[in-house]
Amino acid sequence: MSELKEKIEKRRTFAIISHPDAGKTTLTEKLLLYGGAIHLAGSVKARKANKHAVSDWMEIEKQRGISVTSSVLQFDYQGYRVNILDTPGHQDFSEDTYRTLMAADSAVMLIDAAKGVEPQTKKLFWVCHRRHLPIFTFINKLDRFGREPLDLMEEVEKILQIKVYPITWPVGLDGKYKGVYNRLTREVSLFKTDASHGSKQLEEFSADIDDPRIKEMIGDELFEALLGDIELLDMAGEEFHIEDVLKGELTPMFFGSAMTNFGVQEFLEKFLEMSPAPQPRTLLNGDVLEPDNPLFSAFVFKIQANMNPAHRDRIAFMRICSGEFDKGMTVYHAQSGKPVKLAQPQQFLAQERTIVEKAYPGDIIGLFDPGIFGIGDSLSDDKLKLRFEDFPVFPAEIFARVQPKDSLKRKQFEKGILQLSQEGAVQVFTQKHVGLESFIVGVVGQLQLEVLEYRLKNEYNAQLVMTQLPFTVARWVYAEKPEDIEKLRGLDNGMLVYDKKDRPVILVNNEWALNWILQRNPGLEFLVVPSDK
Ligand code: G4P
């Protein structure tokens with residue numbers, strides 16, 4: 001195998017998707033602990049404690065210096081190079097969260113055992129599912145009272161419409177959690193609790209389920225219950241085929257408790273074994289680029305602007321897709337058609353930034369961006385000069401009308417809005433024939449609106465008046481006859497707008513209103529994402 005191929009085979013790049021409070025910070029930290037990247041758990045959490053208590057932009061600004069280091073965390077485990085992409089949640093939830101998923105080869109879906117599938121998990125799941133990303137499920141907080149494992153399995157299957165195969169199964173529940181049974185190896189791992197409250201790696205005892213010591217250690221009642229569960233799963237459950245996992249049609253499920261470390265190592269090892277190495281990427285012309293192509297290529301998936309107001313620097317995060325990255329190399333930037341030198345590349349380890357000398361497919365690097373990069377931009381070796389397919393548009397849920405406060409500053413305002421929309425900070429829509437000098441902006445999270453306001457003022461010297469609109473749903477509208485679309489003008493319960501490619505979009509309050517409009521306008525078709533058919 002070539003050296004490049006070997007590097008690729010050993011890389012895993014994934015994101016953890018979950019609803020706030022399911023335990024993502026805790027699990028990330030425990031993965032780092034097992035990867036030896038930190039020695040005592042507690043540091044990642046301490047960092048989170050400082051984060052975004054106030055949703056004041058200046059505060060956010062200050063904290064960017066902290067959160068940027070967590071955009072990707074890298075560690076080594078048993079010969080694997082692991083890249084965990086950070087997907088911002090809470091008040092930070094924005095299109096960035098979705099875009100980060102574009103850089104992942106798989107996702108770990110973290111679910112709180114007491115709460116089941118929650119709204120933010122659902123949204124993130126669908127973005128992954130649309131890309132056929134392999135998804136691994138970790139049911140967390142098993143040390144507490146939670147819902148029945150079978151009930152949780154069924155919920156994932158029903159709500160997310162994906163087949164589930166539990167790889168591990170809990171031994172003892174509701175405060176009596178003792179360990180996990182691995183259905184693939186038939187091994188039971190029993191955990192020893194210690195006084196470290198999960199700050200150190202866990203000691204455990206593992207043996208085959210037929211080993212008499214297991215029954216002795218957990219007692220007859222738990223042992224019989226476990227055998228009953230195993231039989232039921234084997235008889236009535238799904239069959240396990242790794243191909244289904246890799247196509248994103250079956251999710252392997254694991255049970256554990258990130259806080260006490262129970263089941264974390266079992267999960268990590270199986271996950272690394274089963275999850276895909278860096279995957280091929282599709283180009284704009286429909287061709288597919290293999291990661292072991294020796295020529296370098298990468299795409300930008302996130303831009304972090306203005307981390308330091310005094311310097312106004314931006315960091316562009318890119319994912320390497322093929323070849324080898326060498327510090328200081330010059331590559332072709334497809335969007336500008338110009339060569340760019342990749343100077344000062346940064347990589348983000350568990351605790352600090354370091355300068356990268358070399359990086360490989362699946363790795364993420366951050367580059368200081370003098371303002372030339374946009375989200376989804378392609379960089380490649382001069383001999384490739386390729387362009388990756390465009391990033392999808394993600395469903396905005398919050399809409400506002402924005403106008404310049406001072407009409408003399410209209411030019412700056414327009415320039416700012418258009419540039420920020422190009423950079424991917426907000427989605428911009430326009431209305432036609434209404435004579436209003438305003439734009440409609442659509443975002444995924446409230447924070448994006450705050451950022452828009454702040455950046456327009458500070459970077460473009462334009463203050464704005466923002467009126468939030470009651471809409472929560474946007475659909476791209478298609479019709480055989482264009483006049484059918486015209487009929488949507490002047491709706492009481494919706495607004496017809498146009499996206500930046502001039503495609504019609506309807507904004508409505510809720511799904512119910514959508515159906516109402518559809519029933520009265522039979523010639524129309526509404527799509528969640530635009531299609532250039
Ligand atoms: P997030 O990043 O997904 O938002 O979740 P985070 O890890 O911050 O965890 C949210 C809360 O859930 C924390 O409690 C954390 O300690 C707790 N937690 C995480 N994993 C487990 C688990 O396996 N079992 C139990 N019982 N709790 C878990 P908190 O009270 O908000 O914070 P703290 O006081 O523990 O710092």
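**Close-up views of the predicted model**

**View 1. Helix α11 against the strands.** Helix α11 lies across β1 (11-18), β2, β3 (80-85), β4 (106-112), β5 and β11, and with respect to β11 the helix runs at about 160 degrees. As in every view described here, the coordinates are those of a predicted model, in which the protein has 15 helices and 31 strands.

**View 2. The open sheet of seven strands.** In this sheet, 7 strands follow one another in the order β2-β3-β1-β4-β5-β11-β6, and their pairing is mixed. The edges are formed by β2 (72-77) and β6 (163-166), each of which pairs on one side only. From one strand to the next, the twist averages 30 degrees.

**View 3. The pairing of β5 with β11.** Within the sheet order, β5 is followed by β11, and these two strands, comprising residues 135-140 and residues 250-255 respectively, pair in the parallel sense over 3 bridges. For a reader who wishes to locate this pairing by residue, T137 has M253 in β11 as its bridge partner.

**View 4. The packing of helix α2 on helix α11.** Helix α11, here delimited as residues 264-274, packs with α2 at an angle of about 75 degrees, and the axes of the two helices are 10 Å apart. Because angles of 65 to 115 degrees count as roughly perpendicular, α2 and α11 are described as roughly perpendicular to each other. On the α2 side the contact is made by K30, L31 and Y34, while α11 contributes V264, Q265 and L268. Sorted by class, the contact of α2 with α11 has 4 nonpolar residues, together with 1 polar and 1 charged.

**View 5. The shell around the ligand.** There are 16 residues around the ligand, of which G23, T25, T26, S257 and M259 come nearest. Helix α2 (residues 24-34) supplies the largest share of this shell, namely 3 residues, and α2 is also the helix that packs with α11 in the preceding view. By class, the shell around the ligand has 6 charged, 6 polar and 4 nonpolar residues.

**View 6. The protein as the setting for the close-ups.** Of the 533 residues in the protein, 42% are buried. When contacts between residues at least 6 apart in sequence are considered, 70% of them join residues at least 24 apart.

Methods
Residues are numbered from 1 along each chain as its sequence is written. This is a predicted model: local features need pLDDT of at least 70, side-chain atom pairs count only at pLDDT 80 or more; totals for chains, interfaces and linings use all residues. A residue is near a molecule or strand if its C-beta atom, placed from the backbone, lies within 6 Å of it. Helices (H or I, at least four residues) and strands (E, at least two) are DSSP runs, numbered from the N terminus. Ala, Val, Leu, Ile, Met, Phe, Trp, Tyr, Cys and Pro count as nonpolar, Asp, Glu, Lys and Arg as charged, and the others, Gly among them, as polar. A residue is buried if 20 or more other C-beta atoms lie within 10 Å of its own, exposed if 12 or fewer, and partly exposed in between; C-beta atoms are placed from the backbone. Two residues are in contact if their C-beta atoms, placed from the backbone, lie within 7 Å. Axes are lines fitted to C-alpha atoms, for helices over the stretch in contact, and angles run from 0 to 180 degrees between N-to-C directions. Angles under 35 degrees count as roughly parallel, over 145 as roughly antiparallel, 65 to 115 as roughly perpendicular and the rest as oblique. Two strands pair if DSSP finds at least two bridges between them.
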